[in-house]
Amino acid sequence: MKIALITPPLGIKNQVNRPIGISYIKAILKQNGYDAKVYDFSTTDKLTALSILQKEKCDVVGITVFSDTRQESLRFAELLKKTDCKIVLGGHHPTFLYDQIMKNYKFVDFIVMGEGEITFLELIKTLSSEKNKFETIHGLVFRRNGEYFVNAPRNPIENIDTIPFPDYSDLDPSMYKILSSLRYKKNYGIITSRSCSYSCDYCAHRWFSGAWRARSIENTIREIENVYLGGITHIWIIDDSFTEDPARAIGIFEEIIKRNMKVSLAMNSRVNACNEDVLKVFKKAGGYRVDFGIESGSDKILESMNKRVNFDKAYKIRDICSRLGITVKWNFILGYPGETTETFVQTKNVIKKLKPDMLSVSILRVFPGTPLYNRLIKEKKVNESFWLGTNSGLHYFGDGSYEEVMRKYLRLMLIWAVQFRVRSFLCLINFVYGFASANPRTIVYHFLNTVRSVVIGRG
Ligand code: B12
Ligand code: SF4
């Protein structure tokens, strides 16, 4: 059976991370004697991608679908269906919107909900046996005689050390680059734990993959060592909540130091789950950048986000990072329901106090599967049919009108860019790079990014 697992053509210029999810699926198929090929078409044009797959004559094509890129994925799937293959979708978007997809896109044969390793393996086993007993596969949505059926959900894999390492053998490592210390380095994104034990209102992870589960230090370090020995020296730990168990995080960094691996490390963390001990050993192991989400400067908004962030702890973490020479990127969201001029100003004041090295302020996007989305649907403030249209992300503009929020947003961005002296040089380079892109939306995006992150050194 010929199986392809793909990221669809997305028309983007640079890809930073390998497609981790489908590469995990390839690995588990291989472990069980099935061969699948992974294609990352995110930077490939549609016709080239199509002709590659047409030549392959696949029996099954599995596609990752994000909400923002669902149209690209679905349009491509429709074209592929003409080659008479089975179309299987996976990822966050179809996990939550399987009803809408199965009703409106008849060329989709299967949807894998949540973590895909075991469900997809069972599907391939069933298709190979030609018994077609799909109803016994937990986590699967399937079509039969014009109707579709939704099976019981599958529990997330408890011991994630049992999953083989993602198999990237089909991918070109030089494609995944990141700007670090003013030059591009080959990047390796790694997931050392799944999910998160918080449940922020705008985030779907708890609902997508249950409780926080971590790989052991030994299992994680083996993957890092493999890639290091393969010549990659930039590792980005992209877990949702990497430092949830600080002792485990420290253990991983200590192993990197002990094994004398000369790597540059970046990580995502959470203010409440980070401390000086973690940051010190992170720095010693090659750590140079941490991303934190604060999201708002207003207690009221933070409460409705269920964010559980402590500003004093954030200032303390900023001081420690500053002392250790670690760059910090702070992420904020504007336009949450309940956002007012007063809460805008509160956010502005917190940013001012943080003196960020790097800053990302985005307007709220609402994703299916989040408590926020479900509430806005119930209150009829957003409509599920949005996803059938061609606009990419579902933005929500709080209680103000679009124009009102954009006006405040642009004004604040301009003031902040100058006032906070953000030294995000990388954003400027991104901006120049973005201009080379033909997509006007990308240009506007990079323009806004730069306006809010102009480089004038830290004062
Ligand atoms: C790394 C990352 C990226 C990287 C790499 C993406 C890539 N090529 O894989 C970059 C930075 C490029 C990126 C970009 C985007 N991302 Co992103 N990203 C992540 C992040 C942090 C980790 C993804 C990951 O590898 N997880 C680990 C693996 C094991 O899990 P997984 O990918 O979910 O895969 C499992 C299942 O979903 C399923 N599965 C996935 N695909 C398939 C396919 C098949 C056929 C099957 C059967 C199963 C299956 O099985 C996998 C194994 O269990 C997640 C957050 C998260 N924790 O997942 C956000 C996340 C996936 N990203 C998100 C978004 C929105 C985006 C963007 C659309 C943002 C944007 N507007 O630009 C773009 C997409 C365009 C693109 N270029 O790919 C959202 C998706 C929400 C949604 N409803 O769509 C997430 C969940 C973050 C969030 N905001 O909550 N992203
Ligand atoms: S936003 Fe971050 S901290 Fe909040 S639930 Fe999601 S992953 Fe966890």
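Which residue stands opposite V328 in β15? The residue is V290, and I shall return to that pair shortly. Good morning. The structure before you is a predicted model, and I would like to guide you through some of its parts.

I begin with the protein as a whole. The protein has 459 residues, of which 41% count as buried. Its secondary structure comes to 17 helices and 16 strands. If we take the contacts with a separation of 6 or more, 74% of them are between residues 24 or more positions apart.

Let us now go back to the strands of the opening question. Strand β14, residues 287-295, pairs with β15 in the parallel sense, over six bridges. In that region V290 stands opposite V328. Strand β15 covers residues 327-334, and it is also joined by six bridges to strand β16, residues 358-363, with the two running parallel. There, K329 stands opposite M358 in β16. Is β15 enclosed or open to its surroundings? Six of its eight residues are buried, so β15 is largely enclosed by the rest of the structure.

A second arrangement of strands deserves attention. Seven strands form an open sheet with mixed pairing, in the order β2-β1-β3-β4-β5-β6-β7. Why is one side of β2 and of β7 without a neighbour in this sheet? Strands β2 (36-40) and β7 (147-150) stand at the edges and have a single partner strand each, so one side of each is left free of a neighbour. From one strand to the next, the twist averages 20°. Helix α1 packs on this sheet, where it touches β1, β2 and β3, and the direction of α1 makes about 165° with that of β2. Further along, β5 (residues 110-112) and β6 (residues 140-144) pair in the antiparallel sense over three bridges. Within this pairing, I111 has V141 of β6 as its bridge partner.

I turn next to the ligands. Ligand 1 is surrounded by 41 residues, and the closest are I20, G21, G62, G90 and G116. Which helix gives the most to this shell? That helix is α1, with five residues. The elements that supply at least two residues each include β1 (3-7), β3 (60-64) and β4 (86-90), together with the helices α4 (92-96) and α6 (117-129). By class, the shell around ligand 1 divides into 20 nonpolar, 17 polar and four charged residues. Both domain 1 (3-150) and domain 2 (183-391) take part, each providing at least three residues of the shell.

Around ligand 2 we find C196, Y198, S199, C200, C203, H205, D240, S241, R270 and G293. This shell has four nonpolar, four polar and two charged residues.

Finally, I would like to consider a single residue, Y176, which is found in the loop between β7 and β8 (177-180). Is Y176 buried or exposed? Y176 has 23 C-beta neighbours inside 10 Å. The cut-off for a buried residue is 20 or more, and therefore Y176 counts as buried. Which residues does Y176 contact, leaving aside its neighbours within four places in sequence? They are Q15, V16, N17, R18, K186 and N187. As for N187, eleven residues separate it from Y176 along the chain, and the C-alpha atoms of the two are 5.6 Å apart.

Thank you for your attention.

Note on methods:
Residues are numbered from 1 along each chain as its sequence is written. Chains are lettered from A and ligands numbered from 1 in the order in which they are written. This is a predicted model: local features need pLDDT of at least 70, side-chain atom pairs count only at pLDDT 80 or more; totals for chains, interfaces and linings use all residues. A residue is near a molecule or strand if its C-beta atom, placed from the backbone, lies within 6 Å of it. Helices (H or I, at least four residues) and strands (E, at least two) are DSSP runs, numbered from the N terminus. Ala, Val, Leu, Ile, Met, Phe, Trp, Tyr, Cys and Pro count as nonpolar, Asp, Glu, Lys and Arg as charged, and the others, Gly among them, as polar. Domain bounds come from an automatic or database domain assignment. Two strands pair if DSSP finds at least two bridges between them. Axes are lines fitted to C-alpha atoms, for helices over the stretch in contact, and angles run from 0 to 180 degrees between N-to-C directions. Two residues are in contact if their C-beta atoms, placed from the backbone, lie within 7 Å. A residue is buried if 20 or more other C-beta atoms lie within 10 Å of its own, exposed if 12 or fewer, and partly exposed in between; C-beta atoms are placed from the backbone.
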